[in-house]
Amino acid sequence: MKIALIIVLAVLAFSFRPPKKGFEDFSYYFCESRMLSPDPVTGKVQVLYTRVKASNPAEANAITKKWGAYVNAAGKGRTSDADFYATLQKAEYEKGLVEKKYSDTAKYQLILVKF
């Protein structure tokens with residue numbers, strides 16, 4: 001009886017796999033883009049960014065390409081970043097850092113875009 005119990009416990013222990021988390025199941029992202037040099041008219045660097053959204057990790061490549069096309073249509077000389085995170089809290093935190101970094105309205109024009 002004890003041997004059977006030990007065998008069952010051993011089988012269960014070796015077959016246990018923790019649940020997948022983060023990028024394997026779901027991810028959160030936001031996109032950002034900034035001009036590499038200030039606008040000659042306003043003297044400010046324009047920064048585009050999006051709200052945090054949820055996505056399936058399989059969509060990451062398509063999202064990155066779509067954001068790149070959006071940024072290219074906005075003009076040359078811009079960065080193009082799609083930032084992915086495992087949790088909503090981390091994504092919101094990082095987006096907040098971007099908003100804080102570019103909050104000086106004398107230097108930057110921060111624009112929330114619908115994307």
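**Notebook: aromatic rings**

I went through the rings and got 6 aromatic pairs in the structure. Note to self: this is a predicted model.

**Phe30 and Tyr85.** I looked up this pair next, and it comes out as stacked, with 10° between the planes and 6.1 Å centre to centre. Where do the two residues sit in the chain? I find Phe30 in strand β1 (residues 27–34) and Tyr85 in strand β4 (residues 81–85), so the pair links distant parts of the chain, 55 residues apart. Then I checked burial. Phe30 has 1% relative accessibility and counts as buried. Tyr85 is at 16% relative accessible area, and since the cut-off for buried is under 20%, Tyr85 counts as buried too.

**Tyr102 and Tyr108.** Stacked or edge-to-face? I get edge-to-face for this aromatic pair: the planes are 75° apart and the centres 4.9 Å. Buried or partly exposed, I asked of each ring in turn. Tyr102 is buried, at 6% relative accessible area. Tyr108 has 21%, and because buried means under 20%, I have to write Tyr108 down as partly exposed.

**Trp67, Tyr70 and Phe115.** I jotted these three down together, as they form one aromatic cluster. Which charged residue sits over the ring of Phe115? I traced it to Lys66, whose charged end is 5.3 Å from the centre of that ring. So Phe115 goes into my notes twice: once as a member of the cluster with Trp67 and Tyr70, and once as the ring under the charged end of Lys66.

Conventions
Residues are numbered from 1 along each chain as its sequence is written. This is a predicted model: local features need pLDDT of at least 70, side-chain atom pairs count only at pLDDT 80 or more; totals for chains, interfaces and linings use all residues. Side-chain values use heavy atoms; hydrogens and water are left out. Rings of Phe, Tyr and Trp (its six-membered ring) pair if their centres lie within 6.5 Å; planes under 30 degrees apart count as stacked, over 60 as edge-to-face and the rest as tilted. Helices (H or I, at least four residues) and strands (E, at least two) are DSSP runs, numbered from the N terminus. Buried means under 20% relative accessible area, exposed over 50%, partly exposed in between (1.4 Å probe, protein chains only). A charge sits over a ring if NZ of Lys or CZ of Arg is within 6 Å of the ring centre and within 35 degrees of the ring normal.
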